[in-house]
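Student: I should like to learn how the terms used for a protein model are justified. May we go through one together, term by term?

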Amino acid sequence: PRGSALLRSAGLQTSGRYAVRASCQKLDGRRVSLIFTGAELQPFTSLLGMALGLPPLAAGLPGPAVDALRGLVGERVFLQTSYLDADMRVARGPSRELYVLSKP
């Protein structure tokens, strides 16, 4: 990003972890409906080698909003599972986009 070289030259290093929360309902043996309900960004930042310990930034939709979205979306937004085990799901969306989902 613009300005990152300047920040690095000043000793500031940044990275992060991004997680998305979703709500699913079983549609049939291979498909689940999907509604994204929230997200979290955990920044990892250090200045001259010392961790700054920034808190995560998180946001989520309240239950009534999720229910309203589920009513609007219905079965149009779904994942069709290709592989599933205790820790991971590999699936395709309605436009054949590939998703690899894991549990935290």
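Tutor: We may begin with R96, which lies in the loop between β6 and β7. Please bear in mind throughout that the model is predicted.

Student: Why is R96 called exposed?

Tutor: The term exposed requires a relative accessible area over 50%. R96 has 53% relative accessibility, and therefore counts as exposed.

Student: What makes the phi of R96 worth a remark?

Tutor: Most residues other than glycine have a negative phi. The phi of R96 is near 75 degrees, a positive value in a residue other than glycine.

Student: What do β6 and β7 form, and how many residues stand between them?

Tutor: The two strands form a hairpin with five residues between them, and R96 is in the turn.

Student: How do you know that β6 and β7 pair?

Tutor: Pairing calls for at least two bridges between two strands. β6 and β7 have five bridges, in the antiparallel sense, so they satisfy that definition. Within this pairing, A91 stands opposite Y99 in β7.

Student: By the same reasoning, what makes β5 and β6 a pair?

Tutor: These strands are joined by four bridges, again set against a requirement of at least two, so they pair; the sense is antiparallel. Y83 stands opposite V90 in β6. A hairpin joins β5 to β6 through three residues.

Student: In what sense do β2 and β5 pair, and over how many bridges?

Tutor: They pair in the antiparallel sense over three bridges. V32 stands opposite L79 in β5.

Student: Let us stay with β2. Why is S33 called buried?

Tutor: S33 is placed in strand β2. Its relative accessible area is 4%, and buried means under 20%, so S33 is buried.

Student: Which residues does S33 touch?

Tutor: Not counting residues up to four places away in sequence, S33 touches S23, C24, Q25, L27, R70, G74, V77 and F78.

Student: Is S46 buried or exposed, and how do you know?

Tutor: S46 also lies in strand β2. At 19% relative accessibility, this residue falls under the 20% limit, and so S46 counts as buried. Leaving aside neighbours within four places in sequence, S46 is in contact with G11, L12, Q13, A51 and L52. As for A19, that residue and S46 are 27 residues apart in sequence and 21 Å apart in space, C-alpha to C-alpha.

Student: Why is L48 called exposed?

Tutor: L48 has 68% relative accessibility; exposed means over 50%, so the term applies to L48. Its place is in the loop between β2 and β3. The phi of L48 is near 55 degrees, a positive value in a residue other than glycine.

Student: I should now like to turn to the helix. Which residues of α2 are buried?

Tutor: In helix α2, which covers residues 63–73, the buried residues are V66, R70 and V73.

Student: How do you know that the buried residues of α2 line one face of the helix?

Tutor: Seen down the axis of α2, they fall within an arc of 75 degrees, and so they line one face. An α-helix has 3.6 residues a turn, so residues three or four places apart point the same way.

Student: Which residues are exposed on the other side of α2, and what covers the buried ones?

Tutor: P64, D67, G71 and L72 are exposed on the other side. What covers the buried residues of α2 includes β1 and β2. Just after α2, G74 takes a positive phi of about 60 degrees.

Student: Finally, what is the volume of the largest pocket, and which residues lie nearest its centre?

Tutor: The volume of the largest pocket is about 660 Å³. Its lining has 21 residues, of which V20, L101, S102, K103 and P104 lie nearest the centre. The elements that give two or more residues to this lining are β1, β2, β5, β6 and β7.

Student: Which element gives the most to the lining of the largest pocket, and how do the lining residues divide?

Tutor: β1 gives the most, with six residues. The lining residues divide into 13 nonpolar, one polar and seven charged.

Terms used
Residues are numbered from 1 along each chain as its sequence is written. This is a predicted model: local features need pLDDT of at least 70, side-chain atom pairs count only at pLDDT 80 or more; totals for chains, interfaces and linings use all residues. Side-chain values use heavy atoms; hydrogens and water are left out. Buried means under 20% relative accessible area, exposed over 50%, partly exposed in between (1.4 Å probe, protein chains only). The arc is that of the directions from the helix axis to the C-beta atoms. Contact means heavy atoms within 4.5 Å. On a 1 Å grid over the protein atoms alone, a cavity is a set of points where a 1.4 Å probe fits but cannot get out, and a pocket is an open set with protein on both sides within 12 Å along at least five of seven lines; lining residues have an atom within 4 Å of a point. Grid points are joined across faces, edges and corners, and a volume is the space filled by probe spheres set on the points. Ala, Val, Leu, Ile, Met, Phe, Trp, Tyr, Cys and Pro count as nonpolar, Asp, Glu, Lys and Arg as charged, and the others, Gly among them, as polar.
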